[in-house]
Amino acid sequence: MRDTPYLAVDETLLENNLAAMAEHARQHGLALRPHAKTHKTPEIARRQLAHGAVGLTVATVGEAEVFADAGFDDLFIAYPVWAEGPRGQRLHDLAGRVRLRVGADSVAAVGMLARAASGGEHPIPIAVMVEVDSGHHRSGIEPARAAEIAAAAHEQGLTVDGVFTFPGHSYGPDEARRAAGDEEAALRVARDALLAVGIPCPVVSGGSTPSAGESRGDVLTELRPGVYPFYDAQQWELGTVGPGRIALTAVATVVSVRGDRVVVDAGSKIIAADRPAYASGHGRLPHHPGARVVALSEHHATIAWPANAPLPVLGERVRIAPNHVCTAINLVDELVVERSGTEVGTWAVAARGRNT
C-alpha cells in the first residue's frame, strides 16, 4: 500500500471529462486546444488529442519545450512572451521543430518575437496571436486596438493567426455566463478590427473551464479550457460540476481526531494553499460533501466534520479535492492512476516547475 499523501487520478472520471468537453466543442463547431498547464503530463495530453483536440495550449516556453520533446507539434503559448535574451533563442529553436503560436499584446513584444524568429542562420516562422482584454483585466490590449498589434507583426514578417482572450472573471459565483458574453463581444470587436484593415483572422480563441459550457461558435473558433480533465473544489463551489465529476484527489491518512475536528497528513505542500474569496474552505471531500478543510499548514489539513456524520477513525484514508488543481499538480513529481479504486500505474508530471 502506497504511503500518503499523494495525488490520485480516477482514470474513468478523467476519460469521461475529456470526452464530454470534446463533444461540447464538436457540437458547437469549435476547435479544442486544451491548456496543458493544468496537468503538465504528456499521457493526458495524448488522450486529449485522441478525443479530437487540435493541439495544446501552454503557459511558458519551458512547458512548450517539454511537450515538444514528447512529440507534440502544434503548440500555443497563450501569454504575452517577452522574448529577450536566452528566451528568444529558445523560441527560435522551438519554432524550428513545431508549429508555434505565441501571444502578444504590444508592439514592443512583437518586435522581440520578430528578432527571435529571424535569429540564427535561418529565419523560423513564428505565428502571433493578439491578446485582448475581455474583462479579466490582466494582460491583453483593448479589443479595438488589436489591429495595431497585428499590423506591426505583419510589417516585421510575422504571421498573424488571429486573436485570443482569457475570460478569467468567469472564476466567480454566477459569473460564467456574463464572462462568456464579455468574451464574445471583445473578440468580435478584435476580429472585426483586423478584418477592417485587410488582415485575415482565421483563429478566434477563448474559453476557460467555468465559462466553457456557455461558449458557442458564433464568434469563437477555438476553445482553451484547462481544468476540465480533473475539475477541483473551486469548480464544485462555482457550480461548474458536482463532486462526482472530480477526477483528481489528494489521498490522505487521518492522524488525529478531536471532537468534530479531523486532522490528516496532507497540507499545503500537496493540495496547495489557494483559497479564492468565495471558497468555503481550503478544499472539499467529494465523498463527504458536508466536510470542509478549515485550516491548512504545510503537512496537515484540519477538516471540520459534519454533525451527525460518522467520524473517520485513526489510520483511515480520505480523499481531498484541492481548491485549485493546477497548483496542486505542480507540487508533485507523479500522479497515481487508479481504476475502480485500484492503482494501475503512474504518470510523470513532466512539465512541473517549467516556469520560464
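Buried means under 20% relative accessible area, exposed means over 50%, and partly exposed lies in between, using a 1.4 Å probe and protein chains only.

**Before you start**

This is a predicted model, in which local features need pLDDT of at least 70 and side-chain atom pairs count only at pLDDT 80 or more, while totals for chains, interfaces and linings use all residues. Residues are numbered from 1 along each chain as its sequence is written, and side-chain values use heavy atoms, with hydrogens and water left out.

**Stop 1: R245**

Select R245, which is partly exposed with a relative accessible area of 32%. R245 sits in the loop between α8 (233-238) and β10 (248-258); helices (H or I, at least four residues) and strands (E, at least two) are DSSP runs, numbered from the N terminus. Which residues does R245 touch, not counting residues up to four places away in sequence? They are N17, A20, F230 and Y231, where contact means heavy atoms within 4.5 Å. Now add F230 to your selection: its C-alpha atom is separated from that of R245 by 7.6 Å, and the two are 15 residues apart along the chain.

**Stop 2: α1 and α2**

Next, select residues 11-27, helix α1, together with residues 42-50, helix α2. Their axes are 10 Å apart and the helices pack at an angle of about 40°. Axes here are lines fitted to C-alpha atoms, for helices over the stretch in contact, and angles run from 0 to 180 degrees between N-to-C directions. The two helices are therefore oblique to each other: angles under 35 degrees count as roughly parallel, over 145 as roughly antiparallel, 65 to 115 as roughly perpendicular and the rest as oblique. The crossing of α1 and α2 is right-handed, the near helix being turned clockwise from the far one by less than a right angle (anticlockwise would make it left-handed). Show the side chains to see E11, L14, E15 and L18 of α1 meeting I44, R47 and Q48 of α2.

**Stop 3: α3**

Move on to residues 61-69, helix α3, which lies across β3 and β4 (74-80) and runs at about 175° to β4. How many of the nine residues of α3 are buried? Eight are, leaving the helix mostly covered; among them are V61, G62, V66 and F67. The buried residues of α3 pack against α2, β3, β4 and α4 (86-95).

Add α4 to the view: the axes of α3 and α4 come within 11 Å and cross at roughly 30°. These two helices are therefore roughly parallel to each other, and their crossing is left-handed. The contact involves V61, G62, A64, E65 and A68 of α3 with R87, R90, L91 and L94 of α4. After α3, look for G71, whose phi is positive, near 105°.

**Stop 4: the sheet**

Switch to a cartoon view and follow the eight strands of an open sheet, in the order β2-β9-β8-β7-β6-β5-β4-β3, with parallel pairing. Two strands pair if DSSP finds at least two bridges between them. At the edges are β2 (31-32) and β3 (56-58), each with a single partner strand, so one side of each has no neighbour in the sheet. Zoom in on β5 (residues 99-104) and β6 (residues 127-131), parallel strands joined by four bridges. Pick G103 and find its bridge partner in β6, M129.

**Last stop: two cysteines**

Select C201, which is buried at 12% relative accessibility, and then C326, buried with a relative accessible area of 7%. The structure holds zero disulfides, a disulfide being a pair of cysteine sulfur atoms within 2.5 Å.
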